[in-house]
Amino acid sequence: MLKSKHLIGIENFPTNDLIKIIDTSFYFKKILISEERKTDLLKGKTLVNMFFENSTRTKISFTLAQKRLGADSINFTSSTSSVSKGESLKDTILNIASMQIDGAVIRHSHPGAALRLSEYIDGSVINAGDGSHEHPTQAILDMVSLKEKFGRIEGLKVGIVGDILNSRVARSNIFALKKLGAEVIVCGPSTLLPSEAKKLNINFSYDLDEVLNWCDAIIALRIQMERMHFGRLSSKREYYSKFGLSFERINRIKKDIVIMHPGPMNRGVEIDSKVADSENAIILDQVLNGEASRMSILYLLLGDNH
Amino acid sequence: MIESKNSKRVLLKNGLIIDPFNNKEFFSDILIRNGKIDSIKKSIKPEKDYEVIDCEGLVITHGFCDIHVHFREPGREDKENLESGSYAAIAGGFTQVCTMPNTNPVIDSPESIYFIISKSKNLPIDIFPIGAISKNQEGEKLTEMLLMKDNGAIAFSDDGSPIQNSQFMRLALTYAKMIDSPIINHAEDIALRNEGVMNAGSNSNNLGLKGNPNSAEAIMVYRDLLLASQLKSKIHIPHVSTKESVNLIKNFKKGNAHISAEVTPHHIYFDDSSINSSNYNTNLKVAPPIRSKKDCKALIEGLKNETIDCIATDHAPHTIEEKETTFNDAAFGMIGLESCFAAVNKILVKQNKMPLLSLIQKLSTNPRKIMGIESDLFKQGSNAQITIFDPDIKWIFSQDSVYSKSINSPFLNEELVGKVKFVFSKNRIFFL
């Protein structure tokens, strides 16, 4: 059993619960790659997936995980819901909560939205991304991927490159890596790094080559080129030249490092196609591990597991 | 100006050496071999192939460095180009300059930085291009500062186009931190400037000209200093003109090594009473404007107490047509390289008792340090950049002394004190 009822964020999530989820993910991965692929561990449970913000892989991943666990689930997106008719978030949630559900998955563009949801409903809440705050299930699947590759997380050196300031993936990963004893350096243009981050207890660098030579694994984040218009980036060319995982740059480093990306990728902006498709890239493994991790999360939060 | 060719060994004899980097003054000879400092000794005996320059009564010091010039290339080569600007610099004793990017097109890309660098290679001085902060100096999109730095950009400025948006200024200061380059913002609130063509005060009122108040500069200086201090970014305040700005810089500098400031010769030499109803002298129309006597005094005091780090000319050539018009229509700016030393020597050393060594530091070591340029120039083996001047001679500044393509100088016909005699730069000697 987990101590936690919800998965709102990694920052306040008990380390033991985190470790248990990660370890159990490997059990579900075995099921996923077996011929059966399906269990009835959550039979009779009802979930609702509330996507107030666009999502492709996370939504499919959660839906599939629920189906493979035998749970019943429905999806709703804000464009097809009453939200577009002006209903408040609280009313939307209260209406859904009164429909006798066991759990809810929520993605919302505002930080803290998942926490609000957990205050209004009885079931478990899983945060699938709340604005620039956290994306805990992404961090868990990244931990599973790292552990699968290296056999451990403690002592690993992990670099994260890109828009750290606005990234929920970066924040959740930093919390998870620190909890599990990894070392982290974040890298990116100064305008996309937090100016105050003493609480995170991590190192910063503007020099990607230095980070790549140091790390065991690098996580590249998606760069939104519209940031250029706000004076945070100069050009695609400059970003790629200084912070892009180019083939030449990866070739220059003396050792093999694992390449990760949460998707969706901008090939040619933060990562070279040749790098994304290379042997050291585990980007598609991350996707499969995402499904296994979400099965593990759903099972441990909602299942009758003793 | 005469250039001496084929001088493999040059011996400077009997001069007073002032070494602004090491804070020393002493009588010695200097031997230059193949353009490099060979030795500095009490008495060096000349050999037969030496070119000997007798420096009796003269001061031998570092070549000056002007971190604020407009050489107008590309775009307005009728006013100045990199080559003519270089000779104007030599005439003023300058062996290195930093050029502002407000040309046409604006120097706002790695390619345009490369253009300046490659065109300057064979000129008699070193030219360090300053790149624009924003694309086309419009204050909206950051330039590729990192790639520009890779190509030789020494600093970044939208000089002539003050950055109005504070968030953009904050982001530019943040971005430049990655390369440790100074941001130089022409500090002026455009709304407060209010189409002013000269300093706002009783003189502008008498002349019926629109005034530009001290607050237009001081408010922006405060904004920039506050942002830079909080971000720990390098900021350089160009052409400081007001008493209020000097006070702000003094306060913010306490314990902050990332702040620097410059003053032009014209802002300490003239005051706004120099523009009067019998001259409407358009050569004194400049941005920021020539201020009041009280401001002049504060600038001089700021230079003396090291609040202001250096002197920069803001050399800004304009055609005759752009100055031979009404005060309202005339272009802003004046040339300044050729008259610089004699003007500041007269005001600061002769009239205000600043030690000559201290003045030289403000023309050589300090500006180089601000820009991160090597400043220990008398080190054995370093490329000789030497200026030799007569510190006491009085002379009338005239068109004969102007090497710029333009002659828009308010110093014409002024009696100045001190004159540059010889300049050694890039293995070439110039006799003035």
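How many residues of chain A are in contact with chain B, and how many of chain B with chain A? Before selecting anything, keep in mind that the model on screen is predicted. Colour the two chains separately and select the interface: 13 residues of chain A are in contact with 13 residues of chain B. On the side of chain A that touches chain B, these residues divide into 3 nonpolar, 6 polar and 4 charged.

**Chain A: two domains**

Stay with chain A and colour it by its domain assignment, which gives domain 1 as residues 15-135 together with 288-302, and domain 2 as residues 136-286. The centres of domain 1 of chain A and domain 2 of chain A, taken over C-alpha atoms, are separated by 26 Å. Their contact takes 23 residues from domain 1 of chain A and 23 residues from domain 2 of chain A. To see what domain 1 of chain A brings to this contact, select α1 (15-33), β4 (124-130) and α11 (283-302) of chain A, each of which supplies at least two residues of the side that touches domain 2 of chain A. The largest share of that side, 7 residues, comes from α11(A). By class, the side of domain 1 of chain A that touches domain 2 of chain A has 8 nonpolar, 11 polar and 4 charged residues.

**Chain A: a parallel pair of strands**

Next, select strand β1 (residues 46-51) and strand β2 (residues 72-77) of chain A, which run parallel and are joined by 6 bridges. A useful place to centre the view is A:Thr46, which stands opposite A:Asp72 in β2(A). Add helix α2 (residues 57-68) of chain A to the selection, and follow the chain as it crosses from β1(A) through this helix to β2(A), in a β-α-β crossover that is right-handed.

**Chain B: two domains**

Move now to chain B, where the domain assignment gives domain 1 as residues 2-60 together with 381-431, and domain 2 as residues 64-371. The C-alpha centres of domain 1 of chain B and domain 2 of chain B lie 26 Å apart, and the contact takes 30 residues from domain 1 of chain B and 39 residues from domain 2 of chain B. Select β17, β18 and β19 of chain B, since each of these strands supplies at least two residues of the side of domain 1 of chain B that touches domain 2 of chain B. β18(B) gives the most to that side, with 7 residues. The residues of the side of domain 1 of chain B that touches domain 2 of chain B divide into 15 nonpolar, 10 polar and 5 charged.

**Chain B: around strand β19**

Keep β19(B) selected and look at its two antiparallel partners. Strand β1 (residues 2-4) of chain B is joined to β19 (residues 428-431) by 3 bridges, with B:Ser4 standing opposite B:Ile429. β18(B) is joined to β19(B) by 4 bridges, and here B:Phe422 stands opposite B:Phe431. In the hairpin of β18(B) and β19(B), which has 2 residues between the strands, B:Lys426 takes a positive phi near 45 degrees.

**Chain B: helix α12**

Then select helix α12 (residues 340-351) of chain B, whose 12 residues should span 16 Å at 1.5 Å a residue, in agreement with end C-alpha atoms that are 16 Å apart. Is this helix enclosed or open to its surroundings? Of the 12 residues of α12(B), 9 are buried, so the helix is largely enclosed by the rest of the structure. Among the buried residues of α12(B) are B:Phe341, B:Asn345, B:Ile347 and B:Leu348. What covers the buried residues includes α9 (265-269), α10 (293-304), α13 (356-363), β17 (386-396) and β18 (415-425) of chain B. Beyond the helix, pause at B:Lys353, which follows α12(B) and has a positive phi near 60 degrees.

**Chain B: helix α2 and B:Ile40**

Select helix α2 (residues 110-120) of chain B, whose buried residues are B:Pro110, B:Ser112, B:Ile113, B:Ile116 and B:Ser120. The cover over these residues includes α1 (82-91), β8 (94-99), β9 (126-131) and α3 (145-150) of chain B.

Finish at B:Ile40, in strand β4 (residues 36-41) of chain B. B:Ile40 is partly exposed, with 18 other C-beta atoms within 10 Å. Not counting residues up to four places away in sequence, B:Ile40 touches B:Ile17, B:Ser28, B:Ile30 and B:Phe378. B:Ile17 is 23 residues from B:Ile40 in sequence and 9.4 Å from B:Ile40 in space, C-alpha to C-alpha.

Methods:
Residues are numbered from 1 along each chain as its sequence is written. Chains are lettered from A and ligands numbered from 1 in the order in which they are written. This is a predicted model: local features need pLDDT of at least 70, side-chain atom pairs count only at pLDDT 80 or more; totals for chains, interfaces and linings use all residues. The expected span of a helix is 1.5 Å times one less than its number of residues. A residue is buried if 20 or more other C-beta atoms lie within 10 Å of its own, exposed if 12 or fewer, and partly exposed in between; C-beta atoms are placed from the backbone. Two residues are in contact if their C-beta atoms, placed from the backbone, lie within 7 Å. Two strands pair if DSSP finds at least two bridges between them. A crossover is right-handed if, with the strands pointing away from the viewer, the path from the first strand over the helix to the second runs clockwise. Domain bounds come from an automatic or database domain assignment. Ala, Val, Leu, Ile, Met, Phe, Trp, Tyr, Cys and Pro count as nonpolar, Asp, Glu, Lys and Arg as charged, and the others, Gly among them, as polar.
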